[in-house]
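Trainee: I should like to go through this structure with you, one question at a time.
Mentor: Certainly; please have it open before you.

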Amino acid sequence: MPQTEFEISTRGQGLYEFTHDVTRWISGLSAHGGQGLLTLFVRHTSCSLLIQENADPEVQSDLRAFFHRLVPPTTDPSMQYLTHTYEGPDDMPAHIKAAMMPVSLTIPVSRGAMVLGTWQGIYLFEHRNAPHIRCVSAHFSA
């Protein structure tokens with residue numbers, strides 16, 4: 001059962017597509033058969049994984065704006081009840097967002113390709129302001 005890890009460099013809050021990296025890895029596994037399940041898991045508590053539209057960049061900016069409005073930084077008066085602020089005003093809000101969204105994805109693979117819709121892409125959703133290097137573990141089960 002093949003496994004690998006993807007490193008995604010972020011530059012702050014936002015969605016970072018890595019569909020092409022995963023596609024390249026899956027296509028190289030033809031020796032393991034063309035059908036199975038791909039599991040992706042992000043190994044951090046302040047970011048998430050999403051399958052989302054990859055055609056219109058406004059979708060990503062609207063998602064970011066929505067979650068910022070839903071869970072603002074601790075400098076917002078509505079968030080003053082939060083106590084976990086050791087790493088800054090985006091720290092606990094990032095954990096809340098990660099608790100609300102998936103940290104793992106399961107994607108069917110058929111004929112050596114992920115079964116995604118026409119406009120679907122795989123994204124890491126960074127919830128922190130500072131740049132990070134995020135690790136996503138991948139496991140393919142044929």
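**Helices, a sheet and a histidine**

Mentor: On the other side of helix 2 from its buried residues, Pro57, Glu58, Asp62 and Arg69 are exposed; buried means under 20% relative accessible area and exposed over 50%, with partly exposed in between (1.4 Å probe, protein chains only). This is a predicted model, in which local features need pLDDT of at least 70 and side-chain atom pairs count only at pLDDT 80 or more, while totals for chains, interfaces and linings use all residues. Residues are numbered from 1 along each chain as its sequence is written, and side-chain values use heavy atoms, with hydrogens and water left out.

Trainee: Which residues of helix 2 are buried?
Mentor: Helices (H or I, at least four residues) and strands (E, at least two) are DSSP runs, numbered from the N terminus. Helix 2 covers residues 57-70. Its buried residues are Val59, Gln60, Leu63 and Phe67.

Trainee: Why are they on the same side of helix 2?
Mentor: An α-helix has 3.6 residues a turn, so residues three or four places apart point the same way. The arc is taken from the directions from the helix axis to the C-beta atoms. The buried residues of helix 2 lie on the same side because they cover an arc of only 100°.

Trainee: Which residue caps the N-terminal end of helix 2?
Mentor: The cap is made by a side-chain oxygen that lies 2.9 Å from the backbone nitrogen of Glu58. That oxygen belongs to Asp56.

Trainee: What is the order of the strands in the open sheet?
Mentor: Two strands pair if DSSP finds at least two bridges between them. Three strands form the sheet, and the pairing is antiparallel. Strand 2 and strand 4 are the edge strands, each pairing on one side only. The order is 2-7-4.

Trainee: Which residue in strand 7 stands opposite Leu15?
Mentor: Strand 2 and strand 7 pair in the antiparallel sense over four bridges. Opposite Leu15 stands Phe125.

Trainee: Is His127 buried or exposed?
Mentor: His127 lies in the loop between strand 7 and strand 8 (132-141). Its relative accessibility is 1%, so His127 counts as buried.

Trainee: Which side chain does a polar contact of 2.8 Å join to that of His127?
Mentor: A polar contact is a pair of N or O atoms within 3.5 Å; within protein, one must be able to donate a hydrogen and the other to accept it, and residues adjacent in sequence count only if both atoms are side-chain atoms. The side chain joined to His127 is that of Ser48.

Definitions and conventions: Expected span 1.5 Å × (residues − 1).
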